[in-house]
Amino acid sequence: MKILWVDTETTGLDKKENKITELAAMYEDTDKKQNDTVTFHEYIKYSEYPKDYGKVAEMTGLTPTILASKGKSEKEVYVKFHEFLSDLVDRYDKNDKMILAGYNIDFDDNFLRELFHRFNNQYYGSFFFNCRLNVMSTMAMAMQSGVLGVLVRYRLANLAEALNIDLNAHSAIDDIMVTRECYYKLLSMIQQNKND
């Protein structure tokens with residue numbers, strides 16, 4: 001099974017009004033005996049940011065100055081990401097697709113679709129199966145089965161803390177690594193509970 005773990009940091013929450021500032025992806029093929037991962041990680045800089053971006057930058061640490069020094073243009077990152085995806089699957093083969101995975105993955109999926117649309121590419125979906133792997137759902141299963149206590153807030157930071165996994169929150173590359181680790185730990189806990 002080909003899985004693409006994805007996380008984004010953005011200038012805000014609205015997929016139409018806001019844009020991606022950090023994009024990280026980690027690919028794995030669970031069918032291979034040696035399951036090596038391949039990563040993609042880029043920052044995007046802009047000439048203008050939303051008026052309230054200061055609050056977001058305070059949370060993520062991605063100030064316009066930092067993005068100006070680390071980032072590439074949105075078009076450069078889009079082209080690189082498209083090439084990255086094209087190297088992983090044959091989008092013309094309906095059987096050669098990836099499962100898009102992450103924590104609250106619909107958020108990231110929506111921003112990626114908008115990124116592709118801005119560059120007149122309507123074929124973003126051709127890289128992926130229709131199903132999504134949302135680790136929030138796995139967390140809900142773990143709580144329901146009793147292997148994980150009920151969390152008051154369903155943030156990745158809370159889940160990582162409950163599973164004793166260190167997290168550098170609001171870093172897209174760290175978030176996907178931790179999300180993936182949380183997923184496999186939850187799966188193991190659920191499976192162990194079934195076997196007991």
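The chain holds 7 helices and 5 strands. Along the sequence these elements follow the pattern β-β-β-α-α-α-β-α-β-α-α-α. The radius of gyration is 17 Å, close to the 16 Å that the globule rule gives for 196 residues, so the chain is as compact as a globular protein of that length. The model is a predicted one.

**Overall dimensions and surface**

- Taken along the principal axes, the C-alpha atoms fill a box of roughly 55 × 40 × 25 Å.
- Of the 196 residues in the chain, 45% are buried.
- Among contacts with a separation of 6 or more, 65% are between residues 24 or more positions apart.
- The accessible surface of the chain is about 10800 Å², and carbon and sulfur atoms account for 48% of that area.
- The chain carries 24 positive and 30 negative charges, and the mean positions of the two sets lie 3 Å apart.

**R132 in strand β5**

- R132 belongs to strand β5, which covers residues 128-134.
- The relative accessible area of R132 is 25%, so this residue is partly exposed, since that class lies between the 20% limit for buried and the 50% limit for exposed.
- Leaving aside residues up to four places away in sequence, R132 touches I99, L100, I105, D106, D109 and R113.
- One of these residues, D109, also makes a polar contact with R132, side chain to side chain, at 3.3 Å.
- A polar atom of the R132 side chain also lies 3.4 Å from the backbone oxygen of N130.
- R132 and M98 are 34 residues apart in sequence, and their C-alpha atoms are 9.4 Å apart in space.

**T8 in strand β1**

- T8 is placed in strand β1, residues 2-10.
- T8 counts as buried because its relative accessibility is 4%, and buried means under 20%.
- The side chain of T8 makes a polar contact of 2.7 Å with the side chain of D108.
- Besides D108, the residues touched by T8 include I20, E22, L23, F107 and A172, with residues up to four places away in sequence not counted.

**T138 in helix α5**

- T138 sits in helix α5, which runs over residues 135-145.
- With a relative accessibility of 8%, T138 falls under the 20% limit and therefore counts as buried.
- T138 touches Y183, L186 and I190, again without counting residues up to four places away in sequence.

**Two loop asparagines with positive phi**

- N104 lies in the loop between β4 (98-102) and α4 (105-118).
- The phi angle of N104 is near 55°, a positive value in a residue other than glycine.
- N104 is partly exposed because its relative accessibility of 35% lies between the 20% and 50% limits.
- N120 is found in the loop between α4 and β5.
- Although N120 is not a glycine, its phi is positive, at about 55°.
- N120 has a relative accessible area of 70%, which is over 50%, so this residue is exposed.

Definitions and conventions: Residues numbered from 1 in each chain as written. Predicted model: local features only at pLDDT ≥ 70, side-chain atom pairs only at ≥ 80, totals over all residues. Heavy atoms only, no water. Helix = DSSP H or I, 4+ residues; strand = E, 2+ residues; numbered from the N terminus. Buried < 20%, exposed > 50% of the residue type's maximum accessible area, 1.4 Å probe, protein only. Contact = heavy atoms within 4.5 Å. Polar contact = N/O pair within 3.5 Å; in protein donor to acceptor, adjacent residues only side chain to side chain. Rg over C-alpha atoms; globule rule 2.2 N^0.38 Å. Areas by Shrake-Rupley, 256 points an atom, 1.4 Å probe, with all protein chains shown as cover. Lys, Arg positive; Asp, Glu negative; His and termini not counted. Charge placed at Lys NZ, Arg CZ, Asp CG, Glu CD.
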